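Grab a pencil and work through these exercises with the structure open beside you. Try each task before you read its solution.

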Amino acid sequence: MDEILSVQNLRKIFVKKQIFSSKTSVVRAVDDVSFSVKKGDVFVLAGESGSGKTTIARLILKAIPADEGKIIFQGEEITDDEKSLKKIRMQCHMIQQDPYSSINPRMKVSEIISEPLEIHNVGTQKEREKAVIDALREVRLEPPEEIVKKYPHMLSGGQRQRVVLARALILKPKLIIADEPVSMLDVSIRAEILELMQELQNKHGISYIYITHDLSTARYVGQKIAIMYMGKIVETGPINDVLLHPKHPYTQALIDAISEPDPDNRFKEKKIRINEPLDIDVYQGCRFRARCPYAIEKCKEDPPLEEIDGNRKVSCFVKLE
Ligand SMILES: Nc1ncnc2c1ncn2[C@@H]1O[C@H](COP(=O)(O)OP(=O)(O)O)[C@@H](O)[C@H]1O
Ligand SMILES: [Mg+2]
């Protein structure tokens, strides 16, 4: 079996109370999402803010209950029974965008990194201490004997994210879900952290789900990609195929957003504006149609996520050439 994770028809709807009114609004945060991650691969989940990426991560870890759908991890469905939850929580770790949301500023590095071992009752005190030192070496925070004594505020942003990575590694997970792990860091240190993640992927055969709103980092880290728009996957496939030959106008828009302006190619540049307000019922038909320059009458219907070229899928009636 070469899949570490398979997510099937996952759905999560939030009902939000509107501020200053008694009205509620419904957000289809994750709407019938299916994908699978091959062992040892980096699977990129991309899409702008609010598209449902973090909700998917939380659903996989059972941090919140799904309305519908299945999570299959290492060939077994993750259910709500304690054994099943322990399995996913020990073998799958999440790295969050903001290191402060996953580390307690009042804890020393040694405590931060060893906490998962304590929660899951793994090892003796001595074994835990050694594991912490080893993890710090893995993420190249030197000298580990000094680093363990520090508090998060004594570290740089890049060092803090290495601590978060060390904490994620401590239980020797099979899958790491990295939710925008470098978006809060300076551009100059992003590459270092991504390289480190890649090195750990190769060394330990860890699989990743790499979540990002920025495609510029995606191409260098991943094998497969899924592009999300408003709770749905609109396009998915091998990363180079999707990014070099996008078929969905929204994928093209995301690529345009990171492309260097090309003076010889002005008509292509930013041909899709992705910040237009929506004034339609977005959950009827293609959700992107109000912002899509290629929209046709048919787009009022729901476009199915259809297979093309054998290994790709796209949910669009038009499909770019
Ligand atoms: N706990 C929640 N309650 C209500 N709405 C939520 C909650 N969490 C997320 N949402 C909404 O679900 C949508 C997807 O959010 P999220 O998964 O955080 O997107 P992303 O990570 O892609 O930015 C957004 O519209 C967001 O406002
Ligand atoms: Mg998010």
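The expected span of a helix is 1.5 Å times one less than its number of residues. Keep in mind that this is a predicted model.

**Exercise 1: the length of a helix**

Work out the span you would expect for helix α8, residues 187–204, and check it against the distance between its end C-alpha atoms.

Solution. Start with the count: α8 has 18 residues. Next, apply the rule of 1.5 Å times one less than the number of residues, which for this helix comes to 26 Å. Then look at the two end C-alpha atoms of α8, which are 26 Å apart, so expectation and model agree. Finally, step just past the helix: α8 is followed by G205, whose phi is positive, near 65°.

**Exercise 2: the shell around the ligand**

Find the residues around ligand 1 and sort them by element and by class.

Solution. First, list the shell: F14, K16, V27, A29, G47, S49, G50, S51, G52, K53, T54 and T55 are around ligand 1. Now ask which elements give two or more residues to it: these are β1 (3–17), β2 (24–38) and α1 (53–60). Of the elements, α1 gives the most, with 3 residues. Last, sort by class, and you get 3 nonpolar, 7 polar and 2 charged residues in the shell around ligand 1.

**Exercise 3: α4 and its two partners**

Describe how α4 packs on α7, and then how α4 packs on α5.

Solution. Take α7 to begin with. Helix α4 (residues 109–119) and helix α7 (residues 157–169) pack at about 30°, and their axes are 7 Å apart. Angles under 35 degrees count as roughly parallel, so α4 and α7 are roughly parallel to each other. Their crossing is right-handed. At the contact, V109, I112, I113 and P116 from α4 meet V163, A166 and R167 from α7. Sorted by class, that contact has 6 nonpolar, no polar and 1 charged residues.

Now turn to α5. Here the angle with α4 is about 120°, and the axes are 9 Å apart. The crossing of α4 past α5 is right-handed. S110, I113, S114 and L117 in α4 meet R128, A131, V132 and A135 in α5. The classes here come out as 5 nonpolar, 2 polar and 1 charged.

**Exercise 4: α7 against α8**

Are α7 and α8 roughly parallel or roughly antiparallel to each other?

Solution. Begin with the numbers: the two helices pack at about 15°, with axes 10 Å apart. The cut-off for roughly parallel is an angle under 35 degrees, and α7 and α8 are therefore roughly parallel. The handedness of the crossing of α7 and α8 is right-handed. For the contact itself, pick out G158, Q161, L165 and L169 in α7, which meet I189, E192, I193, L196 and L200 in α8. Those residues divide into 6 nonpolar, 2 polar and 1 charged.

**Exercise 5: backbone oddities**

Where do P143 and K172 lie, and what does the backbone do there?

Solution. Start from the general rule: most residues other than glycine have a negative phi, and most peptide bonds are trans. Now check P143, which sits in the loop between α5 (125–138) and α6 (144–147). The peptide bond from E142 to P143 is cis, with omega near -10°. Then move on to K172, in the loop between α7 and β7 (175–179). Phi of K172 is positive, near 50°, and K172 is a residue other than glycine.

Methods: Residues numbered from 1 in each chain as written. Chains lettered and ligands numbered in written order. Predicted model: local features only at pLDDT ≥ 70, side-chain atom pairs only at ≥ 80, totals over all residues. Near = placed C-beta within 6 Å. Helix = DSSP H or I, 4+ residues; strand = E, 2+ residues; numbered from the N terminus. Nonpolar A, V, L, I, M, F, W, Y, C, P; charged D, E, K, R; others polar. Axes fitted to C-alpha atoms, helices over the stretch in contact; angles between N-to-C directions. Parallel < 35°, antiparallel > 145°, perpendicular 65-115°, else oblique. Left-handed = near helix turned anticlockwise from the far one by under 90°. Contact = placed C-beta atoms within 7 Å.
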